[in-house]
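Here is a quick briefing to read with the model open in your viewer. We'll start at one loop and work outwards from there.

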Amino acid sequence: MSPIQMSPIQPNSGKPPVVSIRNLTKVYGNGFKALKGVDLDIREGEILALLGPNGAGKTTMISIVCGLVNPSGGQVTVGGHDVVRDFRATRSMIGLVPQELTTDQFETVINTVTFSRGLHGKGKNPALIEQILKDLSLWEKRDNMLRELSGGMKRRVLIAKALAHEPRILFLDEPTAGVDVTLRRDMWQVVEKLRATGVTIILTTHYIEEAEEIADRVGVINAGELLLIEDKTTLMKKLGAKQLRLELTHPLEAVPPGLESFDLKLVDDGNALVHDYASDETHGNGQGSRIAALMKALSAADVPIGDISTHQSSLEDIFVKLIGERA
Amino acid sequence: MSANTFNFEAVKSIYFFEMARMRRTLLQSVISPVITTSLYFIVFGTAIGSRIQEVGGVSYGSFITPGLIMLTLLTQCISNGSIGIYFPKFTGTIYELLSAPVAMTEVLLGYVGAAASKGLIIGLIILATASFFVDIDIAHPFMMALFLVLTAITFSLFGFIIGIWAKNFEQLNIVPMLVVPPLTFLGGSFYSIDMLPPFWQAVSHFNPVLYLVSGFRWSFYEIADVNPVVSLGMIGLFLVICLSILGWIFRTGYRLRS
Ligand SMILES: Nc1ncnc2c1ncn2[C@@H]1O[C@H](COP(=O)(O)OP(=O)(O)O)[C@@H](O)[C@H]1O
Ligand SMILES: [Mg+2]
């Protein structure tokens, strides 16, 4: 397998990136280096998943883009505006759903969501607020105080607050941590709907399935560094090894003659044959026929095949491998 | 909203959000100071006042009214000004203020405007309550309003600073609970300082509350412990000090942004 390509800055097809992060560093007051020079371009309209273990620096990075934390070095622009100098322009474009469930316990749902819109300098729009609350199944709860809501419901309220001012860019910081299946489904529906209207979505997660499920691109962060950023499918191709496994009806002593050229391995005390290949081989020039040739050869050699399965490595495998190589 | 204009909508949102919070806590915000003040009138004005008769030509009950209003105004403005910004810090909802396209001056206007408004409303309610117990004359209504408004703004700003500085509820309450009442009691709210021995008269001049109460009382009855112009100057000075501290806080992001 080819070594991992480091390509943090990816030129986009002509369009300037909607968020551009250059050599971003953060040293907290206690001297801790949370970000060690991150470069990242976020494309307009994409869903980007930032994957990384706890303490990787995901929240810190988002917080700098959104204005919660001051950068120590480097530059961040949103829509071409500097996040520090032109904070009004950049923050108007951004909606943030924070990682922590922070809510004003004694406020009603509708008030707190309406407040968020006003804070962003937008005039009242009850119809829009109603639509947002309905999309998030909060409309029936609009007059409830936040302290009367479950954790999942509060999470929805935070999403509604972030959407109330019609942001062009939405940051979701670990949106599904401790969230039930219904909410996850609702949330992905909302995300899909937003994406359809051109909203750029950045989410952080340490659930790999999540990134795999909805992201267009995946960035991996660890210990304050962006290890890689790649289109999800490219990433899967580049790093996603595939394995063809043949279960045998009775064990063999050795790989049967005539099959030497196929890179087969006998495993499980001779009960199975495996063939490793890169996931893009099947789509490559004539590579698909290689599998077909293998099948023919297997049949000609009279290999006692009981069952066939293939396995593609998940993002999880890739992730573990990446972090392992760095450690 | 264009790129660099004042976010008036945000100021309005914060202001009305805070005022709504007061409506919800109406009992605490309004009823309790009114009851407390009435008790003061009953105890000081009626029970003790009946022995004191007059101070500087006005009945004792009338004499203490401006001081009582000031006591409540200071306490309310500091409390409301500090809790307004402390609470989001405490619950974490401050993330929203910090990630919104608002400058800290707009945040300040919203919170301090609401705190000062509440203080003023309560002050006026106490004035109305007092008029049930004693005769109130207001010799200089314009000056009275000016003292009231300037004091409300200044001490709401002071409260805001405390709210940003405080790391827990004890620190938050230290000033309104432990500092303001003694200063008010010793600042001539219930007596004229020339009733004191000369040494304590001199000491009293280091008490900022003396200037507030004295000036405010002057606008009612034209009797004052210090020249009303000096009183006004002292409030102005305090206002400038608070604004300078806030200027520094906003420039450095002190206890707001890491
Ligand atoms: N205010 C802070 N002061 C000091 N260290 C911090 C602060 N906030 C976060 N950190 C540290 O920075 C690192 C990155 O944190 P964070 O950005 O929250 O990571 P993630 O969101 O990826 O879990 C962690 O080690 C965390 O302890
Ligand atoms: Mg985090």
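Start with A:Asn30, which sits in the loop between strand S1 (19-27) and strand S2 (33-42) of chain A. Bear in mind throughout that this is a predicted model. A:Asn30 is a handy way in, as it belongs to the set of residues surrounding ligand 1.

**The loop at A:Asn30**

- A:Asn30 has a relative accessibility of 66%, so it counts as exposed.
- Its side chain reaches back to the chain just ahead: the backbone nitrogen of A:Phe32 is 3.0 Å away from the side chain of A:Asn30.
- For a sense of distance, take A:Leu40, which is 10 residues from A:Asn30 in sequence; the two C-alpha atoms are 26 Å apart in space.

**Around ligand 1**

- Which residues surround ligand 1? From the N-terminal stretch come A:Tyr28, A:Asn30, A:Phe32 and A:Ala34, and the others are A:Pro53, A:Asn54, A:Gly55, A:Ala56, A:Gly57, A:Lys58, A:Thr59 and A:Thr60.
- Sorted by class, that shell holds five nonpolar residues, six polar ones and one charged one.
- Helix H1 (residues 58-66) of chain A is the top contributor to the shell, giving three residues.
- Two backbone contacts are worth a click: a backbone N or O atom of A:Gly57 is 2.9 Å from an oxygen atom of ligand 1, and one of A:Lys58 is 2.8 Å from an oxygen atom of the ligand.
- A:Thr59 joins in with its side chain, placing a polar atom 2.6 Å from an oxygen atom of ligand 1.
- On its own, ligand 1 would expose 560 Å², and the protein buries 66% of that.

**The magnesium site**

- What coordinates the magnesium ion (ligand 2)? The donors are OG1 of A:Thr59 and OE1 of A:Gln99, at 1.9 to 2.1 Å.
- A:Thr59 is in helix H1 of chain A, while A:Gln99 is in the loop between strand S6 (94-97) and helix H3 (109-119) of chain A, so this pair links parts that are 40 residues apart in sequence.
- Are these two donors buried or exposed? A:Thr59 is partly exposed, at 30% relative accessibility, and A:Gln99 is partly exposed too, with a relative accessible area of 25%.
- A:Thr59 therefore has a part in both sites: its side chain has a polar atom 2.6 Å from an oxygen atom of ligand 1, and its OG1 coordinates the magnesium ion, all from a partly exposed position at 30% relative accessibility.

**Helix H1 of chain A**

- Apart from its role beside the ligand, H1(A) is mostly covered, with eight of its nine residues buried.
- The buried ones are A:Lys58, A:Thr60, A:Met61, A:Ile62, A:Ser63, A:Ile64, A:Val65 and A:Cys66.
- Just past the end of H1(A) comes A:Gly67, with a positive phi of about 100 degrees.

**Chain A as a whole**

- Chain A has 10 helices and 14 strands in its secondary structure.
- Of its 327 residues, 50% count as buried.
- Measured out along the principal axes, the C-alpha atoms of chain A fill a box of roughly 75 × 45 × 40 Å.
- The chain is divided into domain 1 (19-237) and domain 2 (241-313), and the C-alpha centres of these domains of chain A lie 45 Å apart.

**Positive phi away from glycine**

- A:Asp263 is not a glycine, yet its phi is positive, near 60 degrees; look for A:Asp263 in the loop between strand S11 (241-248) and strand S12 (264-267) of chain A.
- A:Asp302 is another non-glycine with a positive phi, about 60 degrees, and its place is the loop between helix H9 (288-300) and strand S14 (305-312) of chain A.
- With a relative accessible area of 66%, A:Asp302 is exposed.

**Two buried side chains in chain B**

- B:Thr154 is part of helix H6 (residues 141-165) of chain B and counts as buried, at 0% relative accessibility.
- A polar atom of the B:Thr154 side chain lies 2.7 Å from the backbone oxygen of B:Leu150.
- B:Ser214 belongs to helix H9 (residues 208-221) of chain B and is buried, with a relative accessible area of 1%.
- What does the side chain of B:Ser214 have beside one of its polar atoms? The backbone nitrogen of B:Val226 lies 3.1 Å from that atom.

Definitions and conventions. Residues numbered from 1 in each chain as written. Chains lettered and ligands numbered in written order. Predicted model: local features only at pLDDT ≥ 70, side-chain atom pairs only at ≥ 80, totals over all residues. Heavy atoms only, no water. Near = heavy atom within 4 Å. Polar contact = N/O pair within 3.5 Å; in protein donor to acceptor, adjacent residues only side chain to side chain. Areas by Shrake-Rupley, 256 points an atom, 1.4 Å probe, with all protein chains shown as cover. Helix = DSSP H or I, 4+ residues; strand = E, 2+ residues; numbered from the N terminus. Nonpolar A, V, L, I, M, F, W, Y, C, P; charged D, E, K, R; others polar. Donors = N, O, S within 2.8 Å, 3.2 Å for Na, K, Ca; no water. Buried < 20%, exposed > 50% of the residue type's maximum accessible area, 1.4 Å probe, protein only. Domains from an automatic or database assignment.
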